[in-house]
Amino acid sequence: MIAQQIINAVSLGGVYALLALGLAIVFSIVGLINFAHGELMTLSGYALLAALVFGLPFPAAVLVAVSCGALAAVAMERVAFRPMRGASVTSLLLTSFAVSSLLKVVFQNGISARPQPVAMPGWMTGAFSFGDFTIGVGPSISIVVSALALIALELFLRRTVTGTAMRAAAEDFNVVRLMGIPASRIIATAFLLSGLLAGLAAMLWVAQRASVDPLMGFTPVLKAFIAAVVGGLGSLPGAVAGGFLLGIIEVLLQATLPAAVAPYRDAIVLSGVIAVLLVRPQGLIPAVRVQRS
Amino acid sequence: MPKLYRLHRAALYAAVFGMTLALVSKASAEEIIIGAATAQTGGLAPYDQPALAGLRMALDELNAKGGLGGQYIAKLIIKDTRSDTAQTATVAQELIDAGAKIMITPCDADPSISAGQLTQPLGIPTLTLCGSAPVLTAAVGDVMFGTYPADNVQATAVANFAIAEGKKKVYLLTSPDSTYTANLPEYFGKVFEKKGGAVVGRGTFTMGQPDFSAEITNIKSLADQPDLIMTAAYEPDFPAFIQQLRGAGVTVPVYGADAIGTPTVKGLGKLVDGVVYTAAGYAEPGSKLEAFNTAFAKYAGHAPESTYEVNGYEIGLILDQAVKTAGSDDPKAIRDAIAGLKDFDGITGKITYAGTDRMPLRPVALMRYEGGEGKHIQTMIPDAADVPAP
């Protein structure tokens, strides 16, 4: 049972890590906490649904959905955030809230206020057994996909020119521009990556929840924000660490708290976050430059 | 602005306002205003909107025949609560100010209570669209009426069925976040235990919680495995729970209540095979409900999604009967008339308020999902002696 709970924790932590990473990439470059990140997930979810309705085979539908998330992120930057470039952190934050609310209303009125069922293929609800315990296919996929995405992102940031430029931009954007790297390209890439991560996270999220609804982005973006803050805002390794930590704490509390205390789970988790921040105000793994712009 | 213009403008405003006032008071001589503080957006919208569509259809039909009680043209004013309890109170106040003599509130206890606290001192009869928590009416007072079969009645029907099926052990999954999700499974537990069953475990979840894996692992590791899991979780939590439950290899049947009788849950297909839920009625061939479903499809352009539509329609019929009995548009007389209804012929069966604490006595239909369809099991009115106190 303990082994089982550890798998549950890693699986949830992986999804949180992907989400937090999506927020952190954008924050590290432009100093924006994009609260519309959750709506990128919702959009990918609806894209998956639409692709399935149009009869695409499941893998192709997933591909379409993830690309939609990435493209939507780039479009969001172009439409909403580029005109705000250089604005204060607060203005950017408010802009992201505005984009988020706007998209929620569009989804509610344009599609439906009712959650739409997404029938996952039968093998996703399967499980395989190792002696005493069974591992569900869903959680296994979550773990594998999160791990692969984290490794791929790491390779991209370490081994490519754009990746190197992005890491440099996170430390000092002006110097990077003086080196002749166009700012727009760096920023667009940051959004593209964050959209890709949102799309992937959305697929794992929908696979576990079997429905898409207009408000589904709210909880994940909140969790991602908490994870990113605990990890150290703007720090990519910090976001991953924060995501896993949050996932592990949530599952452990859910598994062990007695029924009478269980409703206070979220309060206990958030108290834990405060405790971590009291000891390490800059987060677990602080960013090289904590506050930009 | 020069002072002269300001005076002119004030005079103009006064004139226009005066004219509007005259028009309104003239029109309202034969009108009765029904205020609907209901969710058009947010989590309750998928429940409030179908119910409201049914009510609208009833009022349109009644208005074509001369209005409520054949006397008062019903004017429905709808305001969005955004599924928020505080916002519900705000719009309820606006509706009262607009002259509402009857108030319709959302499909949940908490916002209904917040609206009821405003209508109670004024004696305005207040009906929840499909809020089913039996504590709801007592929490407000004598103006508050439920319309849907109450949670304890539904839970008794499901528990009777589970016992009759030979089920012995149940696991209760609740959420303290709403009256419905917190209490309904516990009512089930009470009846189930009284009739010889046992509650072998309890778990809780937070509404909107992303992950049920820890809870599911706890269920799997119970020494005494349950024969069924009873929950009042609804969308999007219910699909998430059952997806993850089946994904973890647990095949124990899951039973719920009315809130999972929706197209979303039905659309989950094989995943929800065997799930038992309740409805306000079942459209047998030749029944009044079947005729209603056909008429509704013509009215709205799509078939009813659930029995919330017919429940909303029946609210219209109840109001019509109450105004007829009261013989006036006085809110207090209408309230008394609703409270005195006995064996009123609705679409789904007989509806009685007399002798209840304003949660109606009415039939409950038990349904089961099979192959992506809701199949009717049976319709019953549970024995009042079996129904646990709220």
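How many residues does the contact take from chain A and from chain B? In this predicted model, in which contact means heavy atoms within 4.5 Å, chain A gives 37 residues and chain B gives 38 residues. Local features need pLDDT of at least 70 and side-chain atom pairs count only at pLDDT 80 or more, whereas totals for chains, interfaces and linings use all residues; side-chain values use heavy atoms, with hydrogens and water left out. Residues are numbered from 1 along each chain as its sequence is written, and chains are lettered from A in the order in which they are written.

The size of an interface is often given as the accessible area lost when the parts come together. Between chain A and chain B the buried area, which is the accessible area (1.4 Å probe) lost on putting the two parts together and summed over both, is about 2,900 Å², and carbon and sulfur atoms give 52% of that area. Arg114(A), Arg209(A) and Gln254(A) supply 25% of the area that chain A buries against chain B, more than any other three residues.

The two chains are joined by 3 salt bridges, each defined as a side-chain nitrogen of Lys or Arg within 4 Å of a carboxyl oxygen of Asp or Glu. One salt bridge pairs Arg114(A) with Glu235(B), their closest N and O atoms being 2.9 Å apart. Across the interface, 15 residue pairs (both at pLDDT 80 or more) are in polar contact, that is, they have a pair of N or O atoms within 3.5 Å, of which one must be able to donate a hydrogen and the other to accept it, and residues adjacent in sequence count only if both atoms are side-chain atoms. With helices (H or I, at least four residues) and strands (E, at least two) taken as DSSP runs numbered from the N terminus, the elements that give two or more residues to the chain A side include α1 (2-30), α4 (89-110), α8 (183-209) and α10 (236-256). Among these elements, α1(A) gives the most, with 5 residues.

Glu235(B) also precedes a cis peptide bond, with omega near 0°, to Pro236(B), and Pro236(B) is placed in the loop between β8 (228-231) and α9 (237-247) of chain B. Most residues other than glycine have a negative phi, and most peptide bonds are trans. Asp343(B), in the loop between α13 (331-339) and β11 (344-345) of chain B, has a positive phi near 50°.

For chain A, an unreviewed UniProt entry, whose annotations may be inferred rather than shown by experiment, lists "transmembrane region" for residues that include 12-36 and 225-249. Residues 12-36 of chain A are 76% helix and 0% strand, with end C-alpha atoms 21 Å apart, while residues 225-249 of chain A are 84% helix and 0% strand, with end C-alpha atoms 16 Å apart.
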